[in-house]
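Let's take a walk through this one together, one piece at a time. Have the viewer ready and follow along.

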Amino acid sequence: MNQAPPYRQHHPRWYRERISTYWWLGKWPYLKFVLRELSSVAVALTVVMTLIQVWALRAGREFYAAFEQAVRAPLVVALAAVSFAFVLLHAITWFNLAPTAMVLRVGGKRVPDFVITGANYAAWFVATAMVAWFILRG
Amino acid sequence: MAETIQLEVTRYSPEKDAEPSFQTYEAPLRKDWVVLDALNYIKDRVDGSLTFRWSCRMGICGSCGMTVNGEPKLTCATFLSDYAPGPVRVEPLKNFPVVRDLVVEITDFLEKLQKVKPWLIRKDNKPLAEGEFLQTPEQLEQFRQFSMCINCLLCYAACPVYGLDPLFSGPAALALAQRYNMDSRDQGARERLDMLSQSEGIWGCTFVGECTEVCPKHVDPAGAIQQYKLTAAKEWFKSFLLPRGSE
């Protein structure tokens, strides 16, 4: 057989698999990662809503009443509920990943992961308690 | 326990196939057999044309990485009995071009590895007569985990960023760069910084974390990359605040 092979010597005809647009649906860790990335949008939305709330509070009783009425709309409530779930996901996933990115050494020994994660959760709990106290103190 | 197990193995011949297909083989299901043993059984007794890489059979050489039932695995450390009653699907590592059957082309990784200068760089080398560079156990502990990499490339197969952007340096190369950056005997961190700080370097990593999950040697490439991001950010701040004095 004299026909030349369909590849050059030292450079065979490779097969490269095309990656599906839906690669992130194939495995739970990939889906979790994409949800974590998407949760940034919810975090931004929550920050914007909070800033608007503060602005309305500062602008006067009338503006704040209008704000309160606007956020009671079913669509806004649904959006807030979804955003809240995503913000929780964002916080929990990042706190759990914190020990991977943040390596602390005390006396030459690495601080255990659970201490770093626990410190993050403790700080979150204290901050939440302070905000709750400020809002609910009457 | 059944006496045999079916293996669905990827076959690809560049001379005649447009794309890979699967061929089913039957192999003995023995308690102490790993997937690599079954592949060697097929190669020796059933089909000598089956092509795959392997060498040490004990998780040291990093040659026998393949995709087993969708997961990147070292086939010498993956027991057949864990997949009983089967079938077990054995494919080449994802994210690399397939040369033949289960063999992938890894030149891209080797070039990237070279670029991060994974060796000790010294600016003030001393004569051999003065002896070795000493290191305390604490200094060794700083980088020991990252030095366990065997270049098996399971992390590249698990990394969607590398799959989607082949320019990305990838987990193993970046972890090995960090291994030398953290070595007390090394003075090459500044030389590596320019390469590592590019968008194809550490900033290409989006912290999916699967590289760490699949690593058979517990190297934690995701950790190495995130830790280096902190270092690079600090260096950037230093150069921003002290443009002339950051060297």
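In this predicted model, start with E1(B) and E2(B), two strands that pair in the antiparallel sense over 8 bridges. If you want a spot to anchor your eye, look for Gln6(B), which stands opposite Glu26(B) in E2(B). Now turn to the pairing of E1(B) with E5(B): these two run parallel, and 3 bridges join them. Here the pair to look for is Leu7(B), standing opposite Val88(B) in E5(B). In general, strands of a sheet pair through backbone hydrogen bonds, and they can do that either parallel or antiparallel.

Next comes a hairpin. Strand E3 (residues 65-68) of chain B and strand E4 (residues 71-74) of chain B pair in the antiparallel sense, with 4 bridges between them. You can trace the pairing residue by residue: Gly65(B) has Leu74(B) as its bridge partner in E4(B), and Met66(B) stands opposite Lys73(B) in E4(B). The hairpin has 2 residues between the strands, and in it Asn69(B) takes a positive phi near 45°. That's worth a second look, because most residues other than glycine have a negative phi.

So how do these strands fit together? In chain B, 5 strands form an open sheet in the order E2-E1-E5-E3-E4, and the pairing is mixed. Which strands stand at the edges? Those are strand E2 (21-28) and E4 of chain B; each has a single partner strand, so one side of each is left without a neighbour in the sheet. From one strand to the next, the twist averages 35°. There's a helix to add to the picture, too: helix H1 (residues 35-46) of chain B packs on the sheet, touching strand E1 (4-11), E2, E3 and strand E5 (88-91) of chain B. The direction of this helix makes about 95° with that of E2(B).

Before leaving the sheet, check the loop between E4 and E5 of chain B, where you'll find Pro85(B) and also Pro87(B). What is the peptide bond from Ala84(B) to Pro85(B), cis or trans? It's cis, with omega near 5°. The peptide bond from Gly86(B) to Pro87(B) is cis as well, with omega near 0°. For context, most peptide bonds are trans.

Further along chain B there's another backbone detail to spot. Leu153(B) lies in the loop between helix H3 (137-143) and helix H4 (154-158) of chain B. This leucine has a positive phi of about 70° although it is not a glycine.

Now for some helix packing. Two packed helices are described by the angle between their axes and the distance between the axes. Take helix H6 (residues 171-181) of chain B and helix H9 (residues 221-241) of chain B: their axes come within 8 Å and cross at roughly 60°. That makes H6(B) oblique to H9(B), and H6(B) passes H9(B) in a left-handed crossing. On the H6(B) side, the residues that meet H9(B) include Pro171(B), Leu174(B) and Gln178(B); on the H9(B) side, they include Pro221(B), Ile225(B) and Tyr228(B). By class, this contact has 9 nonpolar, 3 polar and no charged residues.

H6(B) has a second helix to show you. The axes of H6(B) and helix H7 (residues 189-196) of chain B come within 10 Å and cross at roughly 155°. H6(B) and H7(B) are therefore roughly antiparallel to each other. Here too, H6(B) passes its partner H7(B) in a left-handed crossing. Leu174(B), Ala177(B) and Asn181(B) in H6(B) meet Ala189(B), Arg192(B) and Leu196(B) in H7(B). By class, that contact has 4 nonpolar, 1 polar and 1 charged residues. Notice that Leu174(B) takes part in the contact with H9(B) and in the one with H7(B).

Finally, zoom out to see both chains. How many residues of chain A are in contact with chain B? There are 19 of them, and they touch 23 residues of chain B. The elements giving two or more residues to this side of chain A are helix H1 (28-59) and helix H3 (74-101) of chain A. By class, the chain A side has 14 nonpolar, 2 polar and 3 charged residues.

And how confident is the predictor? Chain B has a mean pLDDT of 93, with 97% of its residues reaching 70 or more. For the complex, the predictor gives an ipTM of 0.84 and a pTM of 0.88.

Methods
Residues numbered from 1 in each chain as written. Chains lettered and ligands numbered in written order. Predicted model: local features only at pLDDT ≥ 70, side-chain atom pairs only at ≥ 80, totals over all residues. pLDDT = per-residue confidence, 0-100. Contact = placed C-beta atoms within 7 Å. Nonpolar A, V, L, I, M, F, W, Y, C, P; charged D, E, K, R; others polar. Axes fitted to C-alpha atoms, helices over the stretch in contact; angles between N-to-C directions. Parallel < 35°, antiparallel > 145°, perpendicular 65-115°, else oblique. Left-handed = near helix turned anticlockwise from the far one by under 90°. Pairing = 2+ DSSP bridges.
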